[in-house]
Amino acid sequence: MLGLLQPVEEFESMYQADPVIGELVTRQAGLRIYQSATPFEALSWAIIGQQISLNVAISIRRRFIQAIGVKHSSGLLCHPTHEQIIQCSEHDLRQCGFSVSKANALLNVSQLIDSGELKLAITEGEIKRLTDNLLAIKGIGMWTINYALLRGFNYLNGSLHGDVAVRRNLQYLLKQGDKVNAEQTEAWLSGFSPWKALVAAHLWRQQSSSGY
């Protein structure tokens, strides 16, 4: 869960002398992307976090976990499984702060996993297939998929160009007066393959201790 298997030392050795991101990478050396307990939890978190601030997403997630009330043997509340979520209604999720679109996306994902039509236990070679399967679900786009891959599969090459904070911090890094759009960010991140998501994480952390 701490991202200890991520080969960040290799990334840092390649880019610490880079004229654009070298100083950032050096200052944030050792940065790793912490992982969710399961790929399903990562995907749920990505759905919750669509197009809202981190603080709002955390609040909704907390209310969601409290409302379903799954407890570990220690007494701590746990993230619910897909089996537990399909017992909820759209109204139940709306009461936790979900939009209609997010509630239906999470319910659809849970039902597809339960039926066996969607499998989240994959190898890295199956990422394209999983991406295509998730894109077919209404309410799930590439930001959601790439964030889930990053947090649930240790996949460091997803492009998070759709993330507002990534674009804002890239503008700051490049010292540009004009806003950087998604297309420009995607093109810029493409130069850092296979580390695009890790570079995005450095941009997240650049101006925020709460990071990602």
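Okay, let's start with a term. A nonpolar core is a set of buried Ala, Val, Leu, Ile, Met, Phe, Trp, Tyr and Cys residues joined through side-chain atoms within 4.5 Å. Keep that in mind, and also keep in mind that what you see above is a predicted model.

So, who sits at the heart of things here? The largest nonpolar core has 62 residues, and the ones touching the most other members are Ile21, Phe64, Phe98, Val109 and Trp188. If you ask which element gives the largest share, that's helix H12, residues 196-206, with seven residues. And this core takes at least three residues from each of the two domains, domain 1 (8-34 + 158-205) and domain 2 (39-153). As background, nonpolar side chains tend to be buried together in soluble globular proteins.

Let's pick one of those core residues. What does Val109 touch, once we skip residues up to four places away in sequence? The list is Phe40, Leu43, Ile47, Leu118, Ile137 and Ile140.

Now let's step back to the whole chain. You'll find twelve helices and zero strands, so to speak an alpha after an alpha: the pattern along the sequence reads α-α-α-α-α-α-α-α-α-α-α-α. How does its radius of gyration fit a compact globule? For 212 residues the expected value would be near 17 Å, and the protein has 18 Å, which agrees. The C-alpha atoms fill a box of roughly 50 × 35 × 35 Å along the principal axes.

On burial, 47% of the 212 residues are buried. The protein exposes about 10,900 Å², and carbon and sulfur atoms supply 52% of that. As for contacts, take the ones between residues at least 6 apart in sequence: 60% of them join residues at least 24 apart.

Next, the domains. The assignment gives domain 1, which is 8-34 + 158-205, and domain 2, which is 39-153. Notice that domain 1 is written as two stretches of sequence. Their contact takes nine residues from domain 1 and five residues from domain 2. The centres of the two domains, taken over C-alpha atoms, are separated by 26 Å.

Okay, my favourite bit: the rings. The count comes to seven aromatic pairs. One of them is Phe11 with Tyr15, a tilted pair at 5.3 Å centre to centre with 45° between the planes. Why are those two about one helical turn apart? Because they are four residues apart in helix H1, residues 8-15. Are they buried or exposed? Phe11 has a relative accessible area of 1%, so Phe11 is buried. Tyr15 is at 11%, and the cut-off for buried is under 20%, so Tyr15 counts as buried too. Then there's Trp188 with Phe192: their ring centres are 4.8 Å apart and their planes are at 55°, so this pair is tilted. Both Trp188 and Phe192 are buried, and Trp188 is a name you heard earlier among the core residues touching the most other members. Ring pairs link Phe11, Tyr15, Trp188, Phe192 and Trp195 into a cluster.

Last stop, a polar residue name: Gln171, in helix H10, residues 164-174. Is Gln171 buried or exposed? Buried, because its relative accessible area is 17% and the cut-off is under 20%. Leaving aside neighbours within four places in sequence, Gln171 is in contact with Gln176, Gly177, Asp178, Lys179 and Val180.

That's my tour, thanks for listening!

How values were computed. Residues are numbered from 1 along each chain as its sequence is written. This is a predicted model: local features need pLDDT of at least 70, side-chain atom pairs count only at pLDDT 80 or more; totals for chains, interfaces and linings use all residues. Side-chain values use heavy atoms; hydrogens and water are left out. Buried means under 20% relative accessible area, exposed over 50%, partly exposed in between (1.4 Å probe, protein chains only). Domain bounds come from an automatic or database domain assignment. Contact means heavy atoms within 4.5 Å. The radius of gyration is taken over C-alpha atoms; the globule rule is 2.2 Å times the number of residues to the power 0.38. Accessible areas come from the Shrake-Rupley method with a 1.4 Å probe; for residues, only the protein chains shown count as cover. Rings of Phe, Tyr and Trp (its six-membered ring) pair if their centres lie within 6.5 Å; planes under 30 degrees apart count as stacked, over 60 as edge-to-face and the rest as tilted.
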